Amino acid sequence: MILLEEYLSECEELFKENLYEDLNPLKLKSGIIGNAKHIDYDERPSFSGLKEYIQKFISYYINIDKLERSRVLKRIKNGLDLTDKLRDRFLLYSEEELSFFLDKKIEKNVPLKYLKGLGERRAKQFSDQDIRKPADLIWRFPRVYKDKRKIQRTSEIIADEEILLKIKLENFVLKRIKGLTIITALGTDNYGQILLKWFNQEYIYKTLNRTDEFIVYGTPKENNFGPYEFNSPEIMVFDENFQKEIEPVYSLFAGMTNKRMINIIKKNQGLILSEQNIFSQEIMEKRNLLEKRHSIYSMHFPKSFFESKKALKTLSFEELYLFEIVILNRKRIFKEKSVGISKKNDNDLIKKFMNGLPFKLTGDQKKAFEEIKEDLDLEKPMNRLIQGDVGSGKTVVAEMAIIYNFCAGYQSAMMVPTSILAMQQYKKMKKNLQNIGINVQLLIGNMKKSEQNEIKKKIRIGEIDLVIGTHALISDDVEFKDLGLVVVDEQHRFGVKQRETLKKKGQFPDILVMSATPIPRTLALTAYGDLDVTSIKEMPKGRQPVRTNVLIDSRRDQLYKLMRDEVRRGHQAFIIYPLVEESEKIDLKAATKEYEYLRNEVFDDLKLGLIHGRMKDSEKDEIMDKFKRNDINVLVSTTVVEVGIDIPNATMMVIEHPERFGLAQLHQLRGRIGRSSIKSYCFLIIDNRTSEEAADRLRKFASTSDGFKVAEFDLELRGPGEFMGVRQHGLPDFKVADIVRDKDLLFQAIEDAEELLKNDPDLKEHEAIVEEIKERFGDSIDLIEVG
């Protein structure tokens with residue numbers, strides 16, 4: 001027997017195969033008619049009339065092998081529509097069915113303890129699991145489902161795949177061994193035998209007998225000495241109480257079983273009637289959505305997987321739609337109501353700066369500055385994110401923005417996450433900007449107090465045009481005479497509040513945030529949806545992509561020979577380690593210990609240096625200066641060199657234990673080399689302890705040098721929260737939506753949210769949407785005058 005859902009999926013595959021691959025009407029006809037004979041028409045009581053529908057469906061294809069090609073193709077295309085119609089008719093709950101299940105409304109404003117099956121003690125348990133109000137209960141959806149719709153034969157068993165069987169027991173026995181109770185049973189369905197085992201579940205023994213038929217659900221394991229073995233399967237007598245269904249499986253906690261959780265949800269499913277649909281009929285039809293109450297019920301107790309997927313799509317779309325309304329509305333209000341200062345000027349310092357550069361700007365760099373200049377010219381504050389691949393030249397664009405701001409008579413502040421990066425940016429920008437009259441200064445926490453006070457004084461009276469610093473910039477005693485531009489480098493290392501604190505040190509300053517890591521489009525549209533985004537994808541001319549290789553540890557001698565050859569050519573190299581000190585928990589080589597070994601045993605004829613995060617800033621600065629001057633051939637380092645380090649002469653990087661890094665971090669590290677026209681090489685060292693999964697991930701990373709592709713892959717692997725600490729960047733914990741899985745829905749949600757706000761910018765005609773936003777996101781999102 002096959003399920004109707006399986007039959008329709010097989011028909012759909014046949015239609016697509018004939019339409020897009022190999023046209024074979026006879027094979028199509030055979031598949032449609034032959035598979036229909038095995039449909040389980042008794043799968044559900046609501047399948048009355050199904051046979052008649054299937055007969056009509058079959059009759060449409062009975063003579064398809066005798067038709068001319070054009071008519072065959074038309075019927076195949078129609079077949080895709082017909083399968084969708086059959087799914088909608090039989091695989092979704094009807095209004096009558098939903099009315100039967102949801103017959104009595106329960107108000108969602110009652111205290112949790114008054115819900116059926118809860119009480120004071122259990123309500124406390126639920127509250128500890130973030131189920132604090134009745135609405136939370138119905139929005140706590142199953143994590144997976146068990147498909148108990150199709151009873152199969154033992155001859156159809158596939159090892160490690162869950163299966164539902166109907167058997168009789170030939171024998172069963174209970175044994176006690178060293179305090180362990182073991183029940184063993186042998187079952188058959190006349191097509192084969194299975195072995196069943198339960199451990200410390202003595203109550204099951206009382207339910208077993210040799211006369212009744214039993215339903216068994218579990219995961220079979222291969223047994224070298226006999227039939228497939230099931231450990232702790234579900235078992236129940238096959239009688240009128242058994243019903244074929246898709247059973248929800250919930251995340252549980254101490255004292256809560258899945259069966260009990262299902263009963264609690266069912267007793268309180270009337271809460272679903274308190275939910276309101278927010279979509280117009282037009283959007284529901286356009287996006288092929290279910291009604292909201294239908295969706296919530298079907299997430300818990302779906303009639304089919306087709307229905308649960310459609311329900312998930314509906315609720316995910318709704319969540320993204322509401323979020324985008326907030327983001328787009330916030331962006332609109334910011335642009336409409338924010339007062340800014342136009343920086344428009346005709347000073348030719350920009351041209352002088354560009355003419356002095358030792359390279360030509362790329363088209364993307366020019367375009368990026370034009371977008372920034374347009375923002376600066378407006379009497380509205382700029383709120384822009386500039387992102388680009390490693391080495392694409394974001395810093396030069398930021399320097400041009402700083403020059404333009406200076407020409408308008410305003411100060412600039414640049415905040416970076418680490419003192420080593422602050423020092424690097426300071427030296428670079430001082431060299432580039434001081435010859436055109438811009439006074440650049442550094443402000444970091446480990447400077448002498450007297451030195452800090454002197455710089456703060458000069459900032460206050462306007463003698464400093466650009467100050468580059470770390471968190472020290474947001475200290476209460478840092479005051480600007482006329483702060484016009486705030487640049488935040490490596491923005492994902494700072495929270496929203498830190499950026500806002502710096503912003504408040506000026507009167508309507510323009511904001512430019514720079515991403516050290518390319519941000520996938522979906523994340524840019526959510527976590528940074530209220531920012532205008534500029535992307536720099538074009539690399540400077542002459543740059544060669546870094547060749548990346550995953551190398552087994554046993555080839556280390558060859559690797560060191562290659563490194564020595566690179567140094568003899570006058571080039572330099574990095575060796576990167578993930579930790580500074582030995583760890584008892586994980587087997588990693590510490591940078592300090594390995595540095596001594598490399599210096600004394602491997603490269604005793606070369607000049608090696610060591611840099612790590614626990615060194616004083618002055619020590620780190622000295623090491624980096626030596627490396628820049630090529631007084632150090634090989635730099636052994638931790639991730640302190642991850643961003644902002646620019647050594648064009650470095651052509652080789654070896655990364656030890658690369659599986660310990662995220663892909664975005666690996667890409668940043670790799671970006672420290674390949675910053676000239678010289679060929680560069682990056683080697684990721686693995687050994688026999690590296691898992692196959694980790695090795696595959698590293699090979700995928702090695703296959704591309706495109707940071708945007710790396711970012712997309714990294715986002716898929718780690719999810720948005722881990723990808724860049726999104727919790728502090730305005731992205732809420734979505735209940736159902738997933739911006740990786742639902743990226744197509746996200747773009748649709750943006751389109752529909754834009755249309756809504758164009759017609760009703762203040763949401764005066766959509767109170768239900770305003771209320772839903774408040775209830776859904778609460779304090780986790782700044783509504784800013786929505787409604």
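Select helix H16 (419-433) and helix H22 (617-628): each supplies at least two residues to the lining of the second largest cavity. The model you have open is predicted.

**Stop 1: the second largest cavity**

Keep H16 highlighted. H16 contributes the most to this lining, with four residues. Now show the full set of lining residues: Ser419, Ile420, Met423, Gln424, Ile444, Asp617, Lys620 and Asp621. Colour them by class. Three are nonpolar, two are polar and three are charged. The volume enclosed here is about 50 Å³.

**Stop 2: the largest cavity**

How many cavities of 30 Å³ or more are there? The count is two. Move to the largest one, which holds about 70 Å³ of space. Select Lys108, Lys133, Ala135, Asp136, Trp139, Glu275, Lys735, Glu772, Glu775 and Arg776, which form its lining. Helix H7 (134-138) and helix H27 (767-777) are the elements giving two or more residues to this lining. Which of the elements has the largest share? H27 does, with three residues. Colour by class again. Eight lining residues are charged, two are nonpolar and none is polar.

**Stop 3: strand E13 and its partners**

Select strand E13 (residues 466-469) and show its side chains. In a regular strand, side chains alternate between the two faces of the sheet. Are the faces of E13 covered or open? Both are covered. Leu466 and Ile468 are buried on one side, and Val467 and Gly469 are buried on the other.

Add strand E11 (residues 411-415). E11 pairs with E13 in the parallel sense, over four bridges. Pick Ser412 and look across to its bridge partner in E13, Leu466.

Next add strand E12 (residues 440-443). E12 and E13 also run parallel, joined by four bridges. Pick Val440: its bridge partner in E13 is Leu466. Leu466 is thus a bridge partner of both Ser412 and Val440.

Now show helix H17 (residues 449-461). Together, E12, H17 and E13 make a β-α-β unit. The unit is right-handed.

**Stop 4: the seven-stranded sheet**

Jump to the open sheet of seven strands. What is the strand order? Trace it across as E6-E7-E4-E3-E2-E5-E8. The pairing is mixed. Select strand E6 (220-221) and strand E8 (234-237), which stand at the edges. Each has a single partner strand, so one side of each lacks a neighbour in the sheet.

Go inward to strand E3 (residues 180-188) and strand E4 (residues 193-199). These two pair in the antiparallel sense, over seven bridges. Label Leu186, then find Leu195 standing opposite in E4.

**Stop 5: helix H12**

Select helix H12 (residues 305-337). How many residues does H12 have? It has 33. Put a distance label between its first and last C-alpha: the helix reaches 47 Å, close to the 48 Å expected at 1.5 Å a residue. Colour by accessibility. H12 is mostly covered, with 25 of its 33 residues buried.

**Stop 6: Ile611**

Finish at Ile611, in strand E19 (residues 608-611). Why does Ile611 count as buried? Its relative accessibility is 0%, and the cut-off for buried is under 20%. Draw a line from Ile611 to Ile576. The two are 35 residues apart in sequence and 9.9 Å apart in space, C-alpha to C-alpha.

Key:
Residues are numbered from 1 along each chain as its sequence is written. This is a predicted model: local features need pLDDT of at least 70, side-chain atom pairs count only at pLDDT 80 or more; totals for chains, interfaces and linings use all residues. Side-chain values use heavy atoms; hydrogens and water are left out. The expected span of a helix is 1.5 Å times one less than its number of residues. Buried means under 20% relative accessible area, exposed over 50%, partly exposed in between (1.4 Å probe, protein chains only). Two strands pair if DSSP finds at least two bridges between them. A crossover is right-handed if, with the strands pointing away from the viewer, the path from the first strand over the helix to the second runs clockwise. On a 1 Å grid over the protein atoms alone, a cavity is a set of points where a 1.4 Å probe fits but cannot get out, and a pocket is an open set with protein on both sides within 12 Å along at least five of seven lines; lining residues have an atom within 4 Å of a point. Grid points are joined across faces, edges and corners, and a volume is the space filled by probe spheres set on the points. Ala, Val, Leu, Ile, Met, Phe, Trp, Tyr, Cys and Pro count as nonpolar, Asp, Glu, Lys and Arg as charged, and the others, Gly among them, as polar.
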